[in-house]
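Grab a pencil and work through these short exercises on the model shown below. Each one comes with a solution that goes step by step.

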Amino acid sequence: MIRQLVSDDYELLKGEVVRLLQEGKSLVEQAIVQETLRTYHGVGRVLDRYLLGQKDRAGYGEQAVVRLAQEVGLSKNTLYRALRFFRLHPIFPTLKQLTWSHYLALLSLPTVVAQRLYEDAVVENGWSVREL
């Protein structure tokens, strides 16, 4: 009888530890997704402001993006995607549970109307990137 109680207590302990580990892992993954989005949103914001300040200098924006890409270790395409992400959502989308991969797929759509339509569908239906 005593062994059974100890065994039951151990199983409860093990179950609680496993639950806490899984919960912690999930929270870390969510934090990584949010900080990735926040980072690219911030990159898009500062790039947008910089380019708007240089709009009267023909061709300068492209040169600046190419140079920036080389110097910070990102591709030119990544910088432009961050810019498009910011322009799609000038206010950071805190309530939506999409990943950077979702937004990359959405940003490949030809119009902002299509991007927003599919974004709403992803949120409503819980689509993965592959389903999108």
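Before starting, a definition: helices (H or I, at least four residues) and strands (E, at least two) are DSSP runs, numbered from the N terminus. The model is predicted, so local features need pLDDT of at least 70, side-chain atom pairs count only at pLDDT 80 or more, and totals for chains, interfaces and linings use all residues. Residues are numbered from 1 along each chain as its sequence is written, and side-chain values use heavy atoms, with hydrogens and water left out.

**Exercise 1. Work out which helix gives the most to the lining of the largest pocket.**

Step 1. Pin down the term: on a 1 Å grid over the protein atoms alone, a pocket is an open set of points with protein on both sides within 12 Å along at least five of seven lines, whereas a cavity is a set where a 1.4 Å probe fits but cannot get out; lining residues have an atom within 4 Å of a point.

Step 2. List the lining: Val43, Val46, Leu47, Tyr50, Tyr60, Gln63, Ala64, Val65, Arg67, Leu68 and Glu71. Two elements give two or more residues here, helix 1 (2-53) and helix 2 (60-72).

Step 3. The winner is helix 2, with seven residues.

Step 4. Now sort by class, with Ala, Val, Leu, Ile, Met, Phe, Trp, Tyr, Cys and Pro as nonpolar, Asp, Glu, Lys and Arg as charged, and the others, Gly among them, as polar. That gives eight nonpolar, one polar and two charged residues.

**Exercise 2. Describe the overall build of the protein chain.**

Step 1. Take the elements: there are five helices and zero strands, so the pattern along the sequence reads α-α-α-α-α.

Step 2. Check the spread. The radius of gyration, taken over C-alpha atoms, is 22 Å, but a compact globule of 132 residues would have one near 14 Å (the globule rule is 2.2 Å times the number of residues to the power 0.38). The C-alpha atoms fill a box of roughly 85 × 35 × 25 Å along the principal axes.

Step 3. Look at burial (buried is under 20% relative accessible area, exposed over 50%, partly exposed in between, with a 1.4 Å probe and protein chains only). Buried residues make up 27% of the 132 residues.

**Exercise 3. Is Ile91 buried or exposed? Place Tyr10 and Arg130 too.**

Step 1. Ile91 sits in the loop between helix 3 and helix 4 (100-107). Ile91 counts as exposed because its relative accessibility is 72%. Its C-alpha lies 9.7 Å from that of Arg45, 46 residues away along the chain.

Step 2. Tyr10 belongs to helix 1 and is partly exposed, at 48%. From Tyr10 to Gln54 it's 44 residues in sequence and 66 Å in space, C-alpha to C-alpha.

Step 3. Arg130 is in the segment after helix 5 (112-125). With a relative accessible area of 82%, Arg130 is exposed. Arg130 and His102 are 28 residues apart in sequence, with 8.9 Å between their C-alpha atoms.

**Exercise 4. Which element has the lowest mean pLDDT, and which the highest?**

Step 1. Recall that pLDDT is the predictor's confidence in each residue, from 0 to 100.

Step 2. The chain averages 90, and 94% of the residues score at least 70.

Step 3. Helix 1 has the lowest mean (89), and helix 3 (residues 76-88) the highest (96).
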